Amino acid sequence: MSALADPSPLEAVRAGLAGGRQDPSSQAVESSFSHLLADIDFSFVISNPRMPDNPVCYASPGFYATTGYSPEEIVGRNCRVLQGRDTCRRSVVEIRDALREECPVSVCLLNYRRDGAPFWNCFALHPVRLGGTHEPVDLYIGLQADVTGLVQEGAGASLSTTAAASRAEPRRSADLQAQERGALERGRAVAGRLAAAAAARALPRRATLAAGRSLPSSLLCALGAIRESFLLTDPRLPGGPIVYASPGFLALTGHGAGDVLGRNPRLLQGREACAEARRVLREALARDPPTAATVTLLNRRADGSRWWNCLHIAPLRDAQGAVRYIVGVQVDVTARLRGQERRAGASGRGAELAEAAGVTEVDRA
């Protein structure tokens, strides 16, 4: 690899890692990675574990040549698109465990090109921590090497025969093990280039991400599967800032992730917010340890429109029982409350008419 000449494009990477291709910033991210990594000729992808389902945010020209996919079909999607009917489940679990534990792994498994043709993929996964060794994982590098010839040679059979037996990982010959070591080395080389770029120029901490960097990517994998509207705040940081905003929350409120991360959830409150509801929340959070509470209060969306929020907050504890985060779940109850208001208004008018007519009881059934 050539020396890194200009680290500045990684500023756009940090500022724009917002996932799928439908987000305009993803094109800036892809362009920035291309600037940094275009001279690398082997097959690899870079994925963003800080977005739901860990989507690909960059794929090398070598990846497209190996798999037959186009950028429009890969960027913004999870790399499991390469898996198929005969992909070894045990190898998939190994990769999943490595993602959860944020550690490197290499496996050899049957994958499929875009046209459905199977090939044996020597796959290596490498986590990238742009902030340093002990920081959360920012990115994952996934490297692919077509080792179909080596597997066939070791099995003494054709691809169709080895594919039929692919539910077990192939025997690791010396040549195959060398390929795996080479893939891990290439992963470290790409990670080193990205880390050098990050170190050469400070990157903005407040990025347009779905989550703050204090959350481990292993937790984000689980959070990304939850569709409801919720926030995570970190009570250990000054001001209890938001460190995760679910896609459901962003859709409900109209805010972008960059608008809310690092800020207190009070940003949703307007001048009309109920003082009693705010008092209940303050007292629940001020207790040691914090306690759960449920309130209904008037909030405002990004466009200024008002909505009634049935908010439930509760502490989340780690394995030792210490409170690590506060979760806040939002439910839009505006329609329900307006319906109650209309019914109450109709009932009140009925009572007034009955009283004017001299009726002392009204059947409200």
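Good morning, everyone. Let me start with a helix: α12, residues 275–286, has 12 residues and reaches 16 Å from its first C-alpha to its last, close to the 16 Å expected at 1.5 Å a residue. Before I go on, please keep in mind that this is a predicted model.

So which residues of α12 are buried? They are A277, L281 and A284. Those three cover an arc of only 65° around the axis, which puts them on the same side of α12. If you turn to the other side of the helix, you will find A275, R282 and A286, and these are exposed. What lies over the buried residues? The cover for the buried residues of α12 includes two strands, β8 (293–300) and β9 (306–317).

That takes us to the sheet. β8 and β9 belong to an open sheet of five strands, and its order is β7-β6-β10-β9-β8, with antiparallel pairing. At the edges stand β7 (242–245) and β8; each has a single partner strand, so one side of each is left without a neighbour in the sheet. On average, neighbouring strands here are turned by 30° against each other, direction ignored. Looking at the β7 end, β6 (residues 230–233) and β7 run antiparallel and are joined by three bridges. In that pairing, L231 stands opposite A245 of β7. And our helix comes back at this point: α12 packs on the sheet, where it touches β8, β9 and β10 (323–332), and its direction makes about 130° with that of β8.

Let me step back for a moment to the whole chain. There are 13 helices and 10 strands in the protein chain. It has 365 residues, of which 46% count as buried. As for contacts with a separation of 6 or more, 55% of them are between residues 24 or more positions apart.

Now to the other sheet I want to show you. This one is also open, with five strands in the order β2-β1-β5-β4-β3 and antiparallel pairing. Which strands stand at the edges? Here they are β2 (56–59) and β3 (105–112), each with a single partner strand, so one side of each is left without a neighbour in the sheet. The twist from one strand to the next averages 25°. A helix packs on this sheet as well: α5, residues 89–101, touches β3, β4 and β5, and its direction makes about 135° with that of β3.

Let's walk through the strands, beginning with β3 and β4. Eight bridges join these two antiparallel strands. One pair to find on your screens is S106 with its bridge partner A124 in β4. The hairpin of β3 and β4 has five residues between the strands, and in it G116 takes a positive phi near 90°.

At the end of β3, please look at Y112, which is placed in that strand. Is Y112 buried or exposed? With a relative accessible area of 16%, Y112 is buried. Leaving out residues up to four places away in sequence, Y112 touches a good list of residues, among them Y69, L82, R85, T87 and F119. D86 is also one of its contacts, and the side chain of Y112 reaches the backbone nitrogen of D86 at 3.3 Å. Then there is Q83: Y112 and Q83 are 29 residues apart in sequence, yet 6.2 Å apart in space, C-alpha to C-alpha.

Next door is β4. Of its 11 residues, 10 are buried, so β4 is largely enclosed by the rest of the structure. On its β5 side, β4 (residues 118–128) is joined by five bridges to β5 (residues 139–144), and the two run antiparallel. Here P127 has Y140 in β5 as its bridge partner.

My last residue is H126, which is also in β4. At 12% relative accessibility, H126 counts as buried. What does H126 touch, not counting residues up to four places away in sequence? The contacts are L139, Y140 and I141, together with L184, G187, R188 and A191.

That is my tour. Thanks for listening, and I'm happy to go back to any of these views with you.

Conventions
Residues numbered from 1 in each chain as written. Predicted model: local features only at pLDDT ≥ 70, side-chain atom pairs only at ≥ 80, totals over all residues. Heavy atoms only, no water. Pairing = 2+ DSSP bridges. Helix = DSSP H or I, 4+ residues; strand = E, 2+ residues; numbered from the N terminus. Axes fitted to C-alpha atoms, helices over the stretch in contact; angles between N-to-C directions. Contact = heavy atoms within 4.5 Å. Buried < 20%, exposed > 50% of the residue type's maximum accessible area, 1.4 Å probe, protein only. Polar contact = N/O pair within 3.5 Å; in protein donor to acceptor, adjacent residues only side chain to side chain. Expected span 1.5 Å × (residues − 1). Arc of directions from axis to C-beta.
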